[in-house]
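Q: I am new to this structure and would like a close look at one part of it. Please take the sheet with the most to say about it, and follow it out into its surroundings.

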Amino acid sequence: MVTKRTEEKATPRVKKGDTVRVLLGKDRGKSASVLGVLPKRGLIVLDGLNMVFKHVRPRRAGEKGQRVQVAAPMNISNVQVVCPACKKGTRVGYRFDGTDKLRVCKQCDATIPTKKASN
Ligand SMILES: [Zn+2]
């Protein structure tokens, strides 16, 4: 895989914990929650989608190599945020509430809450 080095990228409008709908690729049409966002690479990792087999070598004698399924990152432009209020796939706008920058649904104007990162 080629990783392009680009200058500054816009902050992704998709955040960890969001529910998103996949628009392209083999998991097109499915929804999943966001496990992580890689802003510098413009990639996103979804829960249970874009699964790939990783081949794991045996580490100890007697142990067998395995194929393990892991979620691979996909391009952030392949997904669309699903609004928790109107349940539609939507673009995300911003609104300021005092000093707070809030994300809003472009369809119904509801605020899309950003879930606290829980590690
Ligand atoms: Zn909405």
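A: Start with strand 3 and strand 6. Strand 3 covers residues 43-46, and two bridges join it to strand 6 in the antiparallel sense. One pairing can be named: Leu43 has Asn75 of strand 6 as its bridge partner. Keep in mind that this is a predicted model.

Now widen the view. This pair belongs to an open sheet of six strands, ordered 6-3-2-1-7-8. The pairing in the sheet is antiparallel. Which strands stand at the edges? They are strand 6 (74-75) and strand 8 (89-90), and each of them pairs on one side only. In general, the strands of a sheet are held together by backbone hydrogen bonds.

Next comes strand 2, a neighbour of strand 3 in the sheet order. Ser31 sits in strand 2. Is Ser31 buried or exposed? Neither label fits, because 17 other C-beta atoms lie within 10 Å of Ser31, and that makes it partly exposed. Leaving aside neighbours within four places in sequence, Ser31 is in contact with Thr19, Val20, Arg21 and Val82. Ser31 and Val79 are 48 residues apart in sequence, yet their C-alpha atoms are 9.0 Å apart in space.

After strand 2, the chain goes through a loop to strand 3, and Lys40 is found in that loop. Lys40 is exposed, with 11 other C-beta atoms within 10 Å. Thr11 is 29 residues away from Lys40 along the chain, and 9.0 Å separates their C-alpha atoms.

What does the sheet share with the largest nonpolar core? That core has 14 residues, and Val20, Val34, Ile44 and Leu46 touch the most other members. Strand 1 (19-22), strand 2 (31-38), strand 3 and strand 7 each give two or more residues to this core. Strand 2 gives the most, with three residues. Residues of this core come from both domain 1 (1-8 + 15-82) and domain 2 (83-113), so the core lies between the two domains.

Look at Leu46 in more detail. With neighbours within four places in sequence set aside, Leu46 is in contact with Val20, Ala32, Val34, Leu35 and Ala71. Ala71 leads on to another pair of strands. It is the bridge partner, in strand 5, of Met51. Strand 4 (residues 51-56) and strand 5 run antiparallel and are joined by six bridges. How many of the six residues of strand 5 (residues 66-71) are buried? The count is zero, and the strand is hardly covered.

Strand 3 and strand 4 are linked by a loop, and Asn50 has its place there. Its phi is positive, about 55°, although Asn50 is not a glycine. Most residues other than glycine have a negative phi. Asn50 is partly exposed, with 19 other C-beta atoms within 10 Å.

There is another case of this kind by the far edge of the sheet. Lys87 lies in the loop between strand 7 (79-82) and strand 8. Its phi is near 60°, again positive in a residue other than glycine. Lys87 is exposed, as 12 other C-beta atoms are within 10 Å.

Past strand 8, a second open sheet follows. Three strands form it in the order 9-10-11, with antiparallel pairing. Strand 9 (92-97) and strand 11 (111-112) are at the edges, each with a single partner strand, so one side of each has no neighbour in the sheet. Strand 9 and strand 10 (residues 100-105) are joined by six bridges and run antiparallel. Here Phe96 stands opposite Lys101 of strand 10.

Finally, step back to the protein chain. Its secondary structure comes to zero helices and 11 strands. Buried residues make up 13% of its 119 residues. Among contacts with a separation of 6 or more, 41% join residues 24 or more positions apart.

Key:
Residues numbered from 1 in each chain as written. Predicted model: local features only at pLDDT ≥ 70, side-chain atom pairs only at ≥ 80, totals over all residues. Buried ≥ 20, exposed ≤ 12 C-beta atoms within 10 Å, placed from the backbone. Helix = DSSP H or I, 4+ residues; strand = E, 2+ residues; numbered from the N terminus. Pairing = 2+ DSSP bridges. Contact = placed C-beta atoms within 7 Å. Core = buried A, V, L, I, M, F, W, Y, C linked by C-beta atoms within 7 Å. Domains from an automatic or database assignment.
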